[in-house]
Amino acid sequence: MASAQQEQWGTKLGVILAVAGSAVGLGNFLRFPGQAAANGGGAFLIPYFAALLLLGIPIGWAEWAMGRYGGKKGFHSAPGIMGLMARNSAGRYLGVIGVLIPLGVSFYYVFIEAWTFGYFLKFLTGGVGIDVSAPIADQAATASAFYNSFTGTAQDGVLFTGDSKLTIISWIIVFTLNIFFVFRGLSKGIEKFCSYAMPAMAVLAVIVLVRVLTLGTPDPNLPDQNVVNGLGYMWNPNYSKLGDFQTWLAAAGQIFFSLSVGFGVIINYASYMKRNDDVALSGLTASATNELFEVGFGGMITLTAAFVFLGVSGTTAAVATGSFGLGFSTLPVVFAHMGPIGNMVGAAWFFMLFLAAITSSLSMYQPAVALLKESLGWSHQKATAGIAALGTIGAILTLWFTQGGAFWSTVDFWVGTYLIFIMAGVQIIYFAWVFGIDRGWKEIHNGASIQIPPVFKFIMKYVAPVYLIIVFVGFTVQNLAASVRASWASTGSRVGMITIGATLLFLILVVRSGQARWRREGRDLNDTQPAD
C-alpha cells in the first residue's frame, strides 16, 4: 500500500494532459464527424452540447471528486473508491465495471491503434497504391481492398497466414510501447509521454487542418466541390432531426465515448492527485481540450476533405460506411488527390491518429494495474506484467477473430458503450444520493480554482440520473433483445461475449480477494470515518 500511496502526478498540468489524452482519441477525428453529418449537421450540436452540459461535464466533475477522495483513503481502483461512495460491498462489485470497461476496450483498441501506425508507415513509404488516373470507384476499391487485407476482415485467422506481416509488426510495436510506458509508472511513463504527445498532436492537427482549409476548389470542372461547401455539408443544420429520439441518443453516446465519462479512467487518474489539488478547473480544462480536438479539428478536417475531392455522393457513401470506413478507406483516396504532398499529409494524419490512440490506450491499462496492486499487494512491475499477459490473450483473440470485425465490435458494443452508460449512472447516483450532494459539492470545491454555478448541483442530483435512466430503459426496451441475438450470431461475436464474461469473473475474484485483504489490514472500506 505504501508504494501505491507514493505514486502521484508530477504536475497539475500533467494530470490534465493525461486525462485529456485519455479522452482525445479516434472518436474525436472519425466518429464525431460521421455522427454529426448523419444526425442533422449543425443541428446535432444542440443535443450534443446539451449532453455535454447535462451529462459529460457534471458527471466528469463527480468522477474527479470521487477519485481524489478515494486517494485520500488510499484507494486507487474503481472498486475500492465505489465501495467508499456506496458504503457497502455492492458498490465495490459494481465498481468492477470501472476496470472491465478500459481493460476490455484495450483488447481491441490496440489492434485499431496498430492500423493507424501501419497506415502511417505505408504513407511514409509511398501510400497504399491508389492510381489517381483511375475512376473514383476503382480508387475507392483499391483503398478498401488494402483496408480489408490489413485488418483481416475476410476470414478468421487470415492475419496469421504470413501475408499480413505489417499488421502483426505494427501491433507488436504499439503494444510494446503501451506496456513500456505503463511499466514506467504514472509520472515517468504516462504523464511524461502525454506531455509531449498532446502538443505534438495539436501541431499535426493544425498542419492538416490548414492544408484542408486551403484546398479551395481543386478541380475547376467541379466548382461546387470546394471548401466552403464542404464545411456546409457537415454544419448546415437540419432541424427536423431534432425530433428524432435517435439524434439525442447519438449525441449522449458521443459525449460519453469522447470524454471517457463512466469509463473508469478519470476516477483512477484523479485518485493520484494531492488532497487539495483543484478538480473543478482541471475537469473543465480537460473537457475543453477534448472539445477543441473534436469540434475544432475533427469537425472541420475529415468530411471537408472528403467533400472537396469526392463530392456529395462520395462523402455520403463514406459516412454510411461508418467511422473506420471513412478514416481508413475514404481518406487515403483524398490524400492521393493532394498531389506530391499527399503522402506526407496522409502520414501526418495517421501519425496524429496514432498519438490520439496511444494516449487513450495508455489510460486503459492503468485502472487494472491499480486494482492488482491494491487488491493482491503486487508490485507495480508484477501488476503491469499481469495486465500485459491479459492484454496479450485479448489481443490474440482480436487478431484471430477478425472476420467482419465481429469479435471486437461485440466487445465494443457491450463494454465500450452499454456498460459505460451503466457505470456513469451508478457513479452519479452514488455520488449525489449516497455520498450526498452537499458533501460531494464541498469535495469538488475543496482547493478549487473556480466556483461552479449552483445550478450544476441540481443537475448532478436530478437531471443527470434521470437522463441516464431514461436512455438505459429506452434502449433496454427497444433494442436489448436484438443486441443479445446479434452477439451470438457468429463465432467471433460468441467468443467476444465469452471473453467479456471470463474477464468479468477474473476481476470479481480479484476484488473479492482484495476486500478480504483490506479488512485484515483494518482499512476503512465503507467510509465510516470520512476524510473530508
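**Exercise 1.** Determine how helices H3 and H15 are oriented to each other in this predicted model.

*Solution.* Step 1: locate the helices. H3 covers residues 26–38 and H15 covers residues 323–336.
Step 2: examine the axes. They come within 7 Å and cross at roughly 105 degrees.
Step 3: classify the angle. Values from 65 to 115 degrees count as roughly perpendicular; H3 and H15 are therefore roughly perpendicular to each other.
Step 4: identify the contact. From H3, Leu26, Leu30 and Arg31 take part, and they meet Ser323, Phe324, Leu326, Gly327 and Phe328 of H15. The contact of H3 with H15 comprises five nonpolar, two polar and one charged residues.

**Exercise 2.** Characterise the largest pocket and state which helix gives the most to its lining.

*Solution.* Step 1: take the volume. The largest pocket holds about 1,100 Å³ of space.
Step 2: inspect the lining. It consists of 43 residues, and Arg31, Gln35, Phe257, Asp412 and Thr417 lie nearest the centre of the pocket.
Step 3: assign the lining to elements. Those giving two or more residues include H2, H3, H7 (97–124), H12 (245–259) and H15. H3 gives the most, with eight residues.
Step 4: sort by class. The lining has 23 nonpolar, 18 polar and two charged residues.

**Exercise 3.** Describe the second largest pocket by its volume and lining.

*Solution.* Step 1: the volume is about 220 Å³.
Step 2: the lining includes Ile136, Ala140 and Ser144, as well as Leu310, Gly314, Thr330 and Val333. Helix H8 (136–151), H14 and H15 each give two or more residues to this lining.
Step 3: by class, six lining residues are nonpolar, six are polar and none is charged.

**Exercise 4.** State how many cavities of 30 Å³ or more the structure holds, and analyse the largest cavity.

*Solution.* Step 1: there are three such cavities, and the largest cavity contains about 100 Å³ of space.
Step 2: 14 residues line the largest cavity, with Trp64, Leu259, Ile266, Gly283 and Ser287 closest to its centre.
Step 3: H2 (12–23), H4 (45–72) and H14 (280–320) each supply at least two lining residues. The largest share, five residues, comes from H4.
Step 4: the lining of the largest cavity is made up of 10 nonpolar and four polar residues, with no charged residue.

**Exercise 5.** Decide whether helix H5 is largely enclosed or not.

*Solution.* Step 1: a residue is buried when its relative accessible area is under 20%.
Step 2: in H5 (residues 78–86), nine of the nine residues are buried, so the helix is largely enclosed by the rest of the structure. Among them are Pro79, Ile81, Met82 and Leu84.
Step 3: consider the residue just after H5. Arg87 adopts a positive phi of about 65 degrees.

Conventions: Residues numbered from 1 in each chain as written. Predicted model: local features only at pLDDT ≥ 70, side-chain atom pairs only at ≥ 80, totals over all residues. Heavy atoms only, no water. 1 Å grid on protein atoms, 1.4 Å probe; cavity = no way out; pocket = protein on both sides within 12 Å on 5 of 7 lines; lining within 4 Å. Points joined across faces, edges and corners; volume = space filled by probe spheres on them. Helix = DSSP H or I, 4+ residues; strand = E, 2+ residues; numbered from the N terminus. Nonpolar A, V, L, I, M, F, W, Y, C, P; charged D, E, K, R; others polar. Axes fitted to C-alpha atoms, helices over the stretch in contact; angles between N-to-C directions. Parallel < 35°, antiparallel > 145°, perpendicular 65-115°, else oblique. Contact = heavy atoms within 4.5 Å. Buried < 20%, exposed > 50% of the residue type's maximum accessible area, 1.4 Å probe, protein only.
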